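Trainee: Please take one chain of this model and walk me through it closely, along with the way it meets its partner. I'd like one connected account, with each term pinned down as we go.

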Amino acid sequence: MISIEPVAAPGAPLARRNPVAKVAAALVFSFVLLATLDPVAPAIAIAVELAVLPLFGVRYRVLARRALPLLLSATGILVTLVLFAADQSGRVLLEAGPVLVSTGVLRTALGLVLRVFAVALPGVIVFATTDPTDLADALIQNAKAPARFAVGSLAAFRLVPLLGQEWQMISMARRARGVDAGRNPVAKLRLFTSTAFALLVGAIRRGTRLAVAMDARGFDGDTPRTVARRQRFGLADTLLIAGAAALAGAALTTSVLLGTFRPLIG
Amino acid sequence: MGGVLLRGFGWRHAGRRAWAVRGVDLRVEAGERVLLLGPSGAGKSTLLSALAGLLPDDSGEQEGTVEIDGLDPRKARERVGIVFQDPQTQLVMARSGDDVAFGLENRGVPTAEIWPRVDEALRRVGFPYPRDRSTAALSGGEQQRLALAGALALRPGLLLLDEPTANLDPDGAALVRGAVTGALDADTTLILVEHRVAEALPLVDRVVVLEPGGGVRADGTPDAVFAAHGAALAAEGVWVPGHPIAPRTAAATPGDLLLTADRLGLPPRLGPTDLAVRAGEALAVRGPNGAGKSTLALLLGGLLKPGVGRVTASAELAGADHRAPPHRWRAPALARRIGSVFQDPEHQFVTSTVFDELALGPRRTGQPEAAVKDTVAELLERLRLTRLAAANPYTLSGGEARRLSVATALATAPRLVICDEPTFGQDRRTWRELVDLFADLRDAGHGIVTVTHDADFVAALADRTVTLERQ
C-alpha cells in the first residue's frame with residue numbers, strides 16, 4: 001500500500017514551512033540540477049539533501065523506506081546501461097560474452113543514477129513532511145489555485161486507500177463466482193482487465209455520490225469561499241525557496257569549477 | 001423557515017420512460033417532523049433530491065412545482081441540509097473538524113465564526129472525539145453522526161435524511177437516531193426516509209405514504225396511517241410495527257458434517273475460532289463490529305488463506321479435492337461446493353446482464369447450455385427477476401441487486417451457502433423472501449452460514465448461533 005500520511009516530526013523548523021514554499025523549493029532545486037549530466041553536481045546535491053534532512057524532521061530510515069522505489073529504478077538504469085550502452089569508451093573492466101563493462105559506461109551510469117536520486121529526493125522529502133489538507137489549503141490561499149480543483153482532488157485522494165480493499169473484495173468475489181485464471185496468462189490478463197473495470201465502475205459511482213454530497217453542502221455555490229485554516233506565507237518561506245536556489249546554484253558552480261560540468265543542451 | 005409546498009410535482013430522469021415520482025401534492029409546515037414512506041421505487045429519494053435542489057434542470061423533466069419557503073429549491077439550497085445513506089461518500093476531509101468546516105467555508109462564513117460553529121455542531125450530535133480525529137478511523141455510526149454535524153453546522157431550516165441508518169449495524173443506527181433527536185431545534189423541519197418504521201417513529205409526528213404509480217396514498221399521524229394502511233404497506237415491503245413475520249425453524253434434525261473450522265483465525269482480524277456446519281442446518285454468526293465476522297465468512301468460503309488453524313471440508317462436500325483445504329481449490333470447483341454472498345452485491349457482478357450473471361456460474365462449472373437456460377429461468381422466476389433478465393446488474397435497485405447476488409451464488413447449487421449481512425438495508429418483502437429462500441435450501445439439505453447483525457433474521461431462520469468476541 002502506498003503511504004500518503006506525512007511522517008515528519010511536526011515541530012521541525014523546515015517541515016513547518018508553508019507547503020507551497022516547500023513544493024516550490026523542491027522544484028527549483030530539482031530543475032537547476034537537470035541542467036547538467038555530470039555526476040559531481042548531483043552528488044553534491046544529494047549531500048545537501050541528506051544534510052538538511054534533520055531540519056525537516058525526517059529520520060534517515062524513514063527516507064530510505066520511502067525512497068525504495070527510486071532504488072529499483074536506479075538499478076534498472078544501471079543494468080540497462082551496462083548491457084546496452086553504445087559508448088563503450090574507457091578501460092574495459094569486465095568482459096563476459098556479450099556483456100562488456102567499461103569505465104566510460106560506469107561513469108555515465110553513475111551520473112544518471114545520482115541524477116535520479118538528486119532530482120527525486122526533494123519531492124520525497126516534501127511529501128513526507130506535508131499534510132495533504134495543508135497542501136490543498138496553501139495551494140488555494142498562497143498559489144491562487146481554484147478551490148474546485150484543490151479541494152476536489154483532496155476529497156478524491158481520501159478515497160484512494162479504499163481502492164486497495166475494493167480490489168481485494170472484487171477478486172475474492174470473482175473467485176466465489178467460479179472465475180479464476182489458473183496458470184493461463186491470457187486468462188490472467190482478461191481477469192485483471194475485468195477486475196480493473198469493476199473497480200473503475202465502483203470508483204466512478206462513489207465519486208459521483210461524493211460530488212453530489214459536496215454540492216449539497218454548497219461546494220458548487222457562487223458565494224466566495226472563506227477559509228477555516230489560514231496558511232501563511234512569510235519571510236521564512238521566501239528564504240526557503242531562495243536557499244534552495246542558492247544551494248543548487250552552488251552545486252552547479254562547484255561542478256563547473258572542477259571542470260566536470262556537462263550541459264544538458266549544447 | 002423550512003416550509004415545503006409541492007403542487008402536482010413529478011420528475012422523470014433523463015433517458016427514462018417511467019416517472020420516478022409523479023402527482024405529489026404536499027404541504028409541510030415549518031417545524032414539522034415527517035416520515036416519508038412508500039414501497040421500493042415509489043420515488044422517495046428522488047423527492048428528497050428535488051427538495052435539496054440537487055436535480056439540475058438538464059438532468060430530467062419536471063412537472064408541477066416544488067417550493068421551499070416560496071423559493072425554487074435550487075435557489076433555496078442554503079436553507080436545506082441533507083444526509084445520505086453511505087458514510088464513505090459524504091465525508092470530504094481527512095480530519096473530523098475540517099469536514100464540518102467544509103460546508104461553512106463553501107457558504108462564505110467568516111473564518112472567526114467557523115470554529116465556534118464547528119464545535120457547536122459536533123457537540124449537538126454528541127461527537128465523542130476532538131476535532132482532529134481522523135475521519136477514516138471512525139465507525140460507520142460515528143461517520144454518519146459527523147455527516148449530520150456537517151449538515152447542522154449550516155443551520156438548515158429543513159433537514160432531509162435519506163435512510164441515514166440503512167448501512168449501519170444496530171448500535172451505529174441507534175447512535176445516529178440519538179444524535180438526530182438531540183440535535184434538532186424546535187423550528188427545524190425534518191423529512192426522513194427510512195423503512196425501519198418502528199425505530200423512526202420516535203423522531204416524527206406525521207407519516208406521508210407515496211403511491212408507486214403517483215400521488216400520495218396516505219398522510220396523517222402515525223397511528224391513523226398505520227391503522228388504515230398498515231397491512232397493505234407491510235405486504236409491499238414497509239417495516240410497519242405490529243406485523244411480525246413467522247419464523248421458519250428447521251423441519252428435520254441436521255445431517256452430516258460439511259465444514260469444520262479448527263482454531264481458525266487470521267490475526268489481527270480474527271482470533272482462533274472453532275466451528276462446525278452441518279447439512280440441513282442454518283447457523284448464524286453474530287458479534288460486535290470488529291469481531292472479525294466478515295473475515296470468518298471469507299475464510300469459511302475458501303476465499304482467504306487462514307493465518308492460523310484450518311478449514312476442513314468433509315469428503316461429501318470436497319469430492320475430488322478432499323486432500324486440499326477449500327482456499328486451495330480451483331474457483332469452478334469451489335463455486336460448485338460453497339457459495340458465498342458478499343455484503344455489497346455489486347462486488348459480485350461480472351457480466352453486463354442479469355441473465356448472463358446467473359448463467360456465469362453454471363457455464364463455468366461445465367453445465368450444458370440447455371441446463372444453464374433452465375437453471376437461470378427457474379432462479380429468475382423464484383427471485384422475481386424475470387422482467388429484468390436483460391437489465392444491467394449495476395442499474396438494479398438495492399433489493400433487486402441483493403436478490404440477484406443471492407441467486408448467483410445458488411446457480412451452481414452449492415451444498416454450503418455463506419452469506420455476509422444478506423438483509424442489510426432490505427425492505428420487508430425482500431427480507432421475507434430471503435428467509436423463505438434460505439429456509440427452503442436448509443430443508444432441502446443445504447448448510448447455511450449467515451454472518452449478521454440482524455436479530456430478527458436470526459430469530460426467524462437460525463437453528464444455532466455462534467457469537468464472536470471483539471478482538
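Mentor: Happy to, and let's begin with the partner: chain A is assigned domain 1 (19-140 + 231-258) and domain 2 (144-216), with bounds that come from an automatic or database domain assignment. Their C-alpha centres are 33 Å apart, and 5 residues of domain 1 of chain A are in contact with 6 residues of domain 2 of chain A; contact means that the C-beta atoms of two residues, placed from the backbone, lie within 7 Å. On the domain 1 side of chain A, the touching residues are 4 nonpolar, 1 polar and no charged. For these classes, Ala, Val, Leu, Ile, Met, Phe, Trp, Tyr, Cys and Pro are nonpolar, Asp, Glu, Lys and Arg are charged, and the others, Gly among them, are polar.

A word on how to read all this: the model is predicted, so to speak of a local feature we need pLDDT of at least 70, and side-chain atom pairs count only at pLDDT 80 or more, while totals for chains, interfaces and linings use all residues. Residues are numbered from 1 along each chain as its sequence is written, and chains are lettered from A and ligands numbered from 1 in the order in which they are written.

Now to chain B, our main subject. Chain B has 15 helices and 17 strands, which are DSSP runs numbered from the N terminus (helices are H or I with at least four residues, strands E with at least two). Its radius of gyration is 24 Å, close to the 23 Å from the globule rule for 471 residues, so chain B is as compact as a globular protein of that length. That radius is taken over C-alpha atoms, and the rule is 2.2 Å times the number of residues to the power 0.38. The C-alpha trace of chain B spans about 70 × 50 × 40 Å along its principal axes. Of its 471 residues, 53% are buried; buried means 20 or more other C-beta atoms within 10 Å of a residue's own, exposed means 12 or fewer, and partly exposed is in between, with C-beta atoms placed from the backbone.

Chain B also divides into domains, domain 1 (4-236) and domain 2 (257-467). Their C-alpha centres are separated by 34 Å, and 10 residues of domain 1 of chain B are in contact with 8 residues of domain 2 of chain B. The domain 1 side of that meeting has 3 nonpolar, 5 polar and 2 charged residues.

Where the chains meet, 50 residues of chain B are in contact with 38 residues of chain A. On the chain B side, two or more residues each come from helix 2 (96-106), helix 3 (111-124), helix 10 (331-337) and helix 11 (354-364). Helix 2 of chain B gives the largest share, 7 residues. By class, the chain B side has 25 nonpolar, 16 polar and 9 charged residues. Helix 2 of chain B also has the highest mean pLDDT among the elements of chain B, 96, and helix 5 (residues 170-183) of chain B the lowest, 87; pLDDT is the predictor's confidence in each residue, from 0 to 100.

Moving inwards, the largest nonpolar core has 130 residues, and those with the most contacts inside it include Ala248(A), Leu36(B) and Leu160(B). Such a core is a set of buried Ala, Val, Leu, Ile, Met, Phe, Trp, Tyr and Cys residues joined through C-beta atoms within 7 Å. Beyond four places in sequence, the contacts of Leu160(B) include Leu48(B), Val80(B) and Ile191(B).

Some backbone details are worth a look. Pro267(B) and Pro268(B) are joined by a cis peptide bond, with omega about 0 degrees, and Pro268(B) is in the loop between strand 10 (257-266) and strand 11 (270-278) of chain B. Arg263(B), in strand 10 of chain B, has a positive phi of about 45 degrees although it is not a glycine. Arg263(B) is exposed, with 12 other C-beta atoms within 10 Å. Glu163(B) has a positive phi too, near 45 degrees, but counts as buried, with 22 C-beta neighbours inside 10 Å. Glu163(B) lies in the loop between strand 6 (158-162) and helix 5 of chain B.
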